[in-house]
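Me: I have a model with a ligand in it. Take me through how each label is earned.

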Amino acid sequence: MTAPCSLTEIGWEEFRALPPDHKAVYLQAGAREYHVLLAQQFSRERLDALGRLATRIRRIAKADEGRRYLRDLLAGRRAMLYFTQPSSRTFLSFCAACQILGMDIGEVRDTAVSSEFKGESQEDSVRTFSSYFDLIIMRSQIGGLAERMAWVLSNTDRPVPIINAGSGKDQHPTQALLDVYTLQRSFERRGGPDGKTIVFVGDLARGRTVRSLSWLLTRYRDVTQIFVAPPELQIGEDVLGWLQQAGVQYERTNDMAACLPRADAVYMTRIQDEWDAAGESRRIPTEAFHFARRHLDLLKPDAVVMHPFPRRQEIAPDVDSDPRAVYWRQMRNGMWIRAALIASVFGKDTAIEASHVLDA
Ligand code: CP
């Protein structure tokens with residue numbers, strides 16, 4: 001493990017008030033991430049390095065000898081998955097990533113079966129996990145909770161890294177990493193994500209994956225971001241502020257079909273009605289934001305259709321068989337990039353890069 005981060009040097013209230021890009025510097029351990037909480041932590045160099053590392057791990061894992069090599073890397077280390085908000089892909093891909101690297105896993109997925117049910121605070125719960133585990137991966141419906149826990153743990157005598165696996169409506173940084181990795185792979189022979197047009201569709205107001213990915217895409221040159229949503233669910237002003245600050249070209253519209261011929265990637269999202277106070281988003285007509293088989297005819301031959309999943313009606317199942325539908329590959333990429341991220345947090349990236357285990 002690399003040296004802990006510098007969260008000991010700042011008070012909680014002062015840290016909390018910082019803009020995300022200023023917070024990021026407190027979360028690093030040298031050139032690597034220690035806590036992984038925000039998309040703003042990742043430079044272009046880090047995105048490229050993590051993508052290369054994920055590909056290296058993916059190739060090494062094709063052979064028995066390679067799988068044994070990877071399993072030895074973090075054998076004896078333990079990861080706690082503290083997921084108090086529902087998840088399939090993030091939870092399972094983190095489990096698989098830990099297993100690839102030989103880590104043992106513990107989990108709390110329901111506070112009704114932990115001592116939080118008896119009134120224990122989340123802070124005490126997380127400190128308890130740090131007594132037994134070397135890494136905490138957490139998902140919560142409370143925005144900013146992972147940040148608070150990272151600060152709390154960093155100021156104890158047993159700090160362990162925290163990875164944010166989805167926090168409230170604000171950030172889902174590791175989903176954004178897997179999305180970028182999918183774009184890197186999809187456009188491998190076309191110069192990567194630089195210069196591409198990404199069309200985001202759906203509930204952009206409350207979709208944390210879009211928020212984190214939109215930020216990561218500012219690390220690429222000449223990317224145009226188009227936000228397609230009903231007015232009530234359009235992208236937040238804070239995201240547009242980031243884009244303006246970064247000099248990124250963006251557009252907002254409610255006409256999906258008109259944007260599709262320009263898209264290199266279409267990023268579909270579901271309506272996040274779990275955040276409704278009283279079913280208000282169910283009253284918004286959203287059919288115009290569904291991707292049907294006929295929409296494939298409007299796409300470039302080398303465009304890709306992505307979705308963080310779970311999906312409802314946003315993409316018709318008969319789109320799945322088109323080679324441009326990459327969402328199943330996208331979710332598998334999550335396992336590789338999360339393995340790369342964990343390996344990097346524990347300082348194993350250089351060993352993997354230098355290893356003589358044969359690529360398959
Ligand atoms: N994309 C994503 O976060 O999926 P889960 O909610 O299933 O983890």
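Reply: Start with the rule: a polar contact is a pair of N or O atoms within 3.5 Å. This is a predicted model, where local features need pLDDT of at least 70, side-chain atom pairs count only at pLDDT 80 or more, and totals for chains, interfaces and linings use all residues. Residues are numbered from 1 along each chain as its sequence is written, and side-chain values use heavy atoms, without hydrogens and water.

Me: What makes His172 a polar contact of the ligand?

Reply: An N or O atom in the His172 side chain is 3.0 Å from a ligand oxygen. The limit is 3.5 Å, so the pair counts.

Me: Which polar atom of Arg139 lies 2.9 Å from a ligand oxygen, side-chain or backbone?

Reply: A side-chain atom. For Arg89, a polar backbone atom is 3.0 Å from an oxygen of the ligand. The protein buries 90% of the 250 Å² that the ligand exposes when taken alone (Shrake-Rupley method, 1.4 Å probe).

Me: Why are residues around the ligand classed as nonpolar, polar or charged?

Reply: The class follows residue type: Pro and Phe count as nonpolar, Arg as charged, and Ser, Thr, His and Gln fall among the others, so they are polar. The shell has 2 nonpolar, 5 polar and 2 charged residues. Pro308 and Phe309 are among its members.

Me: Which domains supply the shell?

Reply: Domain 1 (7–171 + 334–351) and domain 2 (173–332) each give at least three residues. The bounds come from an automatic or database domain assignment.

Me: How many residues of each domain are in contact?

Reply: 36 residues of domain 1 touch 26 of domain 2, with contact meaning heavy atoms within 4.5 Å.

Technical notes
A residue is near a molecule or strand if one of its heavy atoms lies within 4 Å of it. A polar contact is a pair of N or O atoms within 3.5 Å; within protein, one must be able to donate a hydrogen and the other to accept it, and residues adjacent in sequence count only if both atoms are side-chain atoms.
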